[in-house]
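This report describes selected features of the protein shown below. It begins with backbone geometry and then turns to the helices, the sheet and the interior.

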Amino acid sequence: MRLVFAGTPEFARVALEHLHTGGHEIALVLTQPDRPGGRGMKLQASSVKQFALDKGLPVAQPRSLRLDGKYPEDAATARAAIEAAQADAMVVAAYGLILPQWVLDDMSAAAPDQPKYGCFNIHASILPRWRGAAPIHRAIEAGDTETGITIMQMDAGLDTGDMLMAHTLPITTSDTTASLHDRLAVLGGRLILLALQKAQAGRSRPVPQPAEGITYAHKIEKSEAAIDWTQSALEITRRVRAFNPFPGATATVNGETLKVWGAQVQQGVPPATTEIGSILLVSQEGIAVAAMNSIVMLTQLQRPGGKRLSVAEFLRGFDLRPGMVFEKRGP
């Protein structure tokens, strides 16, 4: 097929690579404008843009697609580019901009000699669970035991379109957002190839999403990073895994805020008189901290500007002792 592709982060780059190597013609790539990042806060191209430029694919970076929005000139230019692409379909993966109705209409308005297949979305959950911006993070945070990829025929709603394909993946107790993301990205790349093949062969069977079980994966905010020691150890360890690599769980002690990259539920319960957030034990294997009716063992930490270190390495340069107390919530 001749395609327009819309996506921005690494998850989307993997899908674009599958489409490109799978023999589809990429007539246009839409991605978010370059953003400042890194220590120097220099403008950085998205993963999708980097791949597209490397392969010589045409790229457009509108700030908005809304003709009546804040950047109507960007939207108008994008519309002209999309129409000029004369694509059979659009594939969307973690683009970051909502597609207005004119895009959906344009990608569905078939001429007699050119069928169009609409807009396909690669979504990292089994819909209708975890519609929205952060389905991988929220699935781990909630303690879900499985997730997956849904290929959806897009409509004007937020992840409300009919399902074309879905495939589940287990979430292990050691999965972080980073590890689960990588597995889902590859699965998404494989499934979109199958979905396009079925559509072209006239074998697509759209299925409406169930009316029950709808949840929303709201965008992850940096303010969520601070560990709340009044939660249970199980809830805390899930959040540590869910916020790895972004925004990274944090814990504050003696005025210094540390990143927590590894944590486990420790057997036993703290003494009844123990203050929540108190360090119970410091060893080369980990730092035991009192949570709500449970104990968390911190296993990997990082100081501001430092590297991720095992507890054994971390303790060589940072003093943590039993009796110290982590703030119940960080700054």
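In this predicted model, Gln86 sits in the loop that links helix H3 to strand S6. Gln86 directly follows H3 and has a positive phi, although it is not a glycine. With a relative accessible area of 52%, against a cut-off of over 50%, Gln86 counts as exposed. Ala94 is another residue other than glycine with a positive phi; its place is in the loop between S6 and helix H4. Its relative accessibility of 39% makes Ala94 partly exposed. A glycine also appears in this context: Gly202, just after helix H6, has a positive phi. The backbone angles mentioned here, together with two cis peptide bonds, are listed below.

| Residue or bond | Angle |
|---|---|
| Gln86 | phi about 50° |
| Ala94 | phi near 50° |
| Gly202 | phi about 75° |
| Leu127 to Pro128, cis | omega near 15° |
| Phe246 to Pro247, cis | omega near 0° |

Pro128 belongs to the loop between strand S7 and strand S8 (131-132), whereas Pro247 is in the loop between helix H7 and strand S12. The loop between H7 (233-242) and S12 (249-253) also holds Asn244. Asn244 has a relative accessibility of 8% and therefore counts as buried, the cut-off being under 20%. Leaving out residues up to four places away in sequence, Asn244 is in contact with Thr176, Thr177, Ala178, Trp261 and Arg308.

Helix H3 comprises residues 72-85 and lies across strand S1 (2-7), strand S2 (25-30) and S6, at about 175° to S2. The end C-alpha atoms of H3 are 20 Å apart, in agreement with the 20 Å that its 14 residues should span at 1.5 Å a residue. Which residues of H3 are buried? They are Asp74, Ala75, Ala78, Ile82 and Ala85. These residues cover an arc of only 95° around the axis, so they lie on the same side of H3. Thr77 and Ala84, on the other side of H3, are exposed. The packing partners of the buried residues in H3 are S1, S2, S6 and helix H4 (101-106).

An open sheet of mixed pairing is formed by 7 strands, in the order S5-S2-S1-S6-S7-S9-S10. Strands S5 (59-60) and S10 (163-170) are at the edges; each has a single partner strand, so one side of each lacks a neighbour in the sheet. Within the sheet, S6 (residues 89-93) and S7 (residues 119-123) run parallel and are joined by 3 bridges. Val92 has Asn121 in S7 as its bridge partner.

The largest nonpolar core contains 45 residues, of which Phe5, Val91, Phe120, Ile122, Ile149, Ile151 and Ile192 touch the most other members. The most residues in this core, 9, come from helix H6 (residues 177-200). Apart from neighbours within four places in sequence, Ile192 contacts Leu19, Val91, Phe120, Ile122 and Ile151. A second, separate core has 26 residues, among them Trp229, Leu258, Ala291 and Leu301. As for the geometry of H6, its 24 residues reach 34 Å from the first C-alpha to the last, close to the 34 Å expected at 1.5 Å a residue.

Notes: Residues numbered from 1 in each chain as written. Predicted model: local features only at pLDDT ≥ 70, side-chain atom pairs only at ≥ 80, totals over all residues. Heavy atoms only, no water. Helix = DSSP H or I, 4+ residues; strand = E, 2+ residues; numbered from the N terminus. Buried < 20%, exposed > 50% of the residue type's maximum accessible area, 1.4 Å probe, protein only. Contact = heavy atoms within 4.5 Å. Core = buried A, V, L, I, M, F, W, Y, C linked by side-chain atoms within 4.5 Å. Pairing = 2+ DSSP bridges. Axes fitted to C-alpha atoms, helices over the stretch in contact; angles between N-to-C directions. Expected span 1.5 Å × (residues − 1). Arc of directions from axis to C-beta.
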